[in-house]
Amino acid sequence: MSTVTTRNVLSMDFTLHDGKSKSIRITDPTATLTAAEVEAAMNRLVDLRALKDFTYGPASLKGAKTVQTVTNKFDIVVN
């Protein structure tokens, strides 16, 4: 027997002032999110300098994606 679980994660990616990347991940985002809503939220985070990394200089949007992971855990008894 096995257990199957599915997990959705929204990954919002930014480019920092020094060229490095920063990602913010949200587990189980609303399924009806649109690209425009995600972009608006990302812009708001940058405008508010909501993250420590954003306070050192301007950040820009790099991209966003939803990743779905399906895990099939097998019930294996080890003696």
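1. In strand β2, R25 is the bridge partner of S11, and this pairing is a convenient place to begin. The model is a predicted one, in which local features need pLDDT of at least 70 and side-chain atom pairs count only at pLDDT 80 or more, while totals for chains, interfaces and linings use all residues. Residues are numbered from 1 along each chain as its sequence is written, and side-chain values rest on heavy atoms, with hydrogens and water left out.

2. The strands form an open sheet of three in the order β2-β1-β3, with antiparallel pairing. Because β2 (21-27) and β3 each have a single partner strand, they stand at the edges, and one side of each is left without a neighbour in the sheet. Neighbouring strands are turned against each other by 25 degrees on average, direction ignored. Strands, in this note, are DSSP runs of E with at least two residues, and helices are runs of H or I with at least four residues, numbered from the N terminus; two strands are taken to pair if DSSP finds at least two bridges between them. Axes are lines fitted to C-alpha atoms, for helices over the stretch in contact, with angles running from 0 to 180 degrees between N-to-C directions.

3. On one side, β1 (residues 2-15) pairs with β3 in the antiparallel sense over 14 bridges, and within this pairing R7 has T69 of β3 as its bridge partner. On the other side, β1 and β2 run antiparallel and are joined by seven bridges. F14 can be followed into both neighbours, since this residue stands opposite L61 in β3 and opposite K22 in β2.

4. The connection between β1 and β2 is a hairpin with five residues between the strands, and G19 in the turn has a positive phi of about 90 degrees. Two residues that are not glycines also deserve a check of their backbone. D28 has a positive phi of about 55 degrees; this residue sits in the loop between β2 and α1 and is exposed at 52% relative accessibility. R49, with a positive phi of about 50 degrees, is found in the loop between α1 and β3 and is partly exposed, its relative accessible area being 43%. For these classes, buried means under 20% relative accessible area, exposed means over 50%, and partly exposed lies in between (1.4 Å probe, protein chains only).

5. Helix α1 (residues 35-48) lies across β1, β2 and β3 and runs at about 55 degrees to β1. M42, which belongs to this helix, counts as buried at 3% relative accessibility. Leaving aside residues up to four places away in sequence, M42 touches M12, D13, F14, L61, G63 and A64, where contact means heavy atoms within 4.5 Å. By contrast, M42 and K73 are 31 residues apart in sequence and 34 Å apart in space, C-alpha to C-alpha.

6. The count of salt bridges comes to one, under a rule that asks for a side-chain nitrogen of Lys or Arg within 4 Å of a carboxyl oxygen of Asp or Glu. The pair is D13 with K65, whose closest N and O atoms are 3.5 Å apart. Because D13 lies in strand β1 and K65 in strand β3, the pair ties together parts that are 52 residues apart in sequence. D13 is buried, with a relative accessible area of 13%, whereas K65 is partly exposed at 46%.

7. A last point concerns the surface, where F74, I76 and V78 make a nonpolar patch of about 390 Å². F74 is found in strand β3 (residues 60-74) and is exposed, with a relative accessible area of 55%. Patches are made of residues with over 30% relative accessible area and no salt bridge, like charges being joined within 9 Å and nonpolar side chains (Val, Leu, Ile, Met, Phe, Trp, Tyr) within 5 Å. The areas come from the Shrake-Rupley method with a 1.4 Å probe, and for residues only the protein chains shown count as cover.
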